Amino acid sequence: AIDEREATAAIPPRKDAKIWFHGNRKGPAHPRDENLRRIRKVGRSAWKEEVNYHRRSLSETGMYRLKTVFTGEVCARKIAAQTTELMIECKALNRMTQLGMPDSYRVAA
């Protein structure tokens, strides 16, 4: 599916992962192996920054919040009504998040 969309795999391999296919083969490089090589070169945290893995984590956290606050189910039957229902839930969740955020400012020393 990743190749069909011409996307880059941003799936972090296990910490003890080994390279499957080394450079002495004729086929294309495996994306997992490329990720492992890059992680070994720049480190896991830097690799996650490069592939925007943290943004994925933030979006998963947002979906978790949406599902726990609003049951994770859609009540409407028609697609247009479902879209409206989910948009209202997203706006309400964004508003709740905005209200709960502290006012941050820097105190001059």
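User: Which residues line the largest pocket?

Analyst: Ser59, Gly62, Met63, Arg65, Leu66, Cys90, Leu93, Asn94 and Thr97 do. A lining residue has an atom within 4 Å of a pocket point, and a pocket is an open set of points on a 1 Å grid over the protein atoms alone, with protein on both sides within 12 Å along at least five of seven lines. This is a predicted model, where local features need pLDDT of at least 70 and side-chain atom pairs 80 or more, while totals for linings use all residues. Residues are numbered from 1 along each chain.

User: What makes helix 3 stand out in that lining?

Analyst: Helix 3 gives the most, with five residues. Helix 3 (53–69) and helix 4 (79–100) each supply at least two; a helix here is a DSSP run of H or I, at least four residues, numbered from the N terminus.

User: How do you know that the length of helix 3 agrees with its residue count?

Analyst: The expected span is 1.5 Å times one less than the number of residues. For 17 residues that gives 24 Å, and the end C-alpha atoms lie 25 Å apart, so the two agree.

User: Why are helix 3 and helix 4 called roughly perpendicular?

Analyst: Their axes cross at roughly 105 degrees and come within 11 Å. Angles of 65 to 115 degrees count as roughly perpendicular, so the name fits this pair. Gly62, Arg65, Leu66 and Val69 of helix 3 meet Glu89, Cys90, Leu93 and Met96 of helix 4, contact meaning heavy atoms within 4.5 Å.

Terms used:
Side-chain values use heavy atoms; hydrogens and water are left out. On a 1 Å grid over the protein atoms alone, a cavity is a set of points where a 1.4 Å probe fits but cannot get out, and a pocket is an open set with protein on both sides within 12 Å along at least five of seven lines; lining residues have an atom within 4 Å of a point. Axes are lines fitted to C-alpha atoms, for helices over the stretch in contact, and angles run from 0 to 180 degrees between N-to-C directions. Angles under 35 degrees count as roughly parallel, over 145 as roughly antiparallel, 65 to 115 as roughly perpendicular and the rest as oblique.
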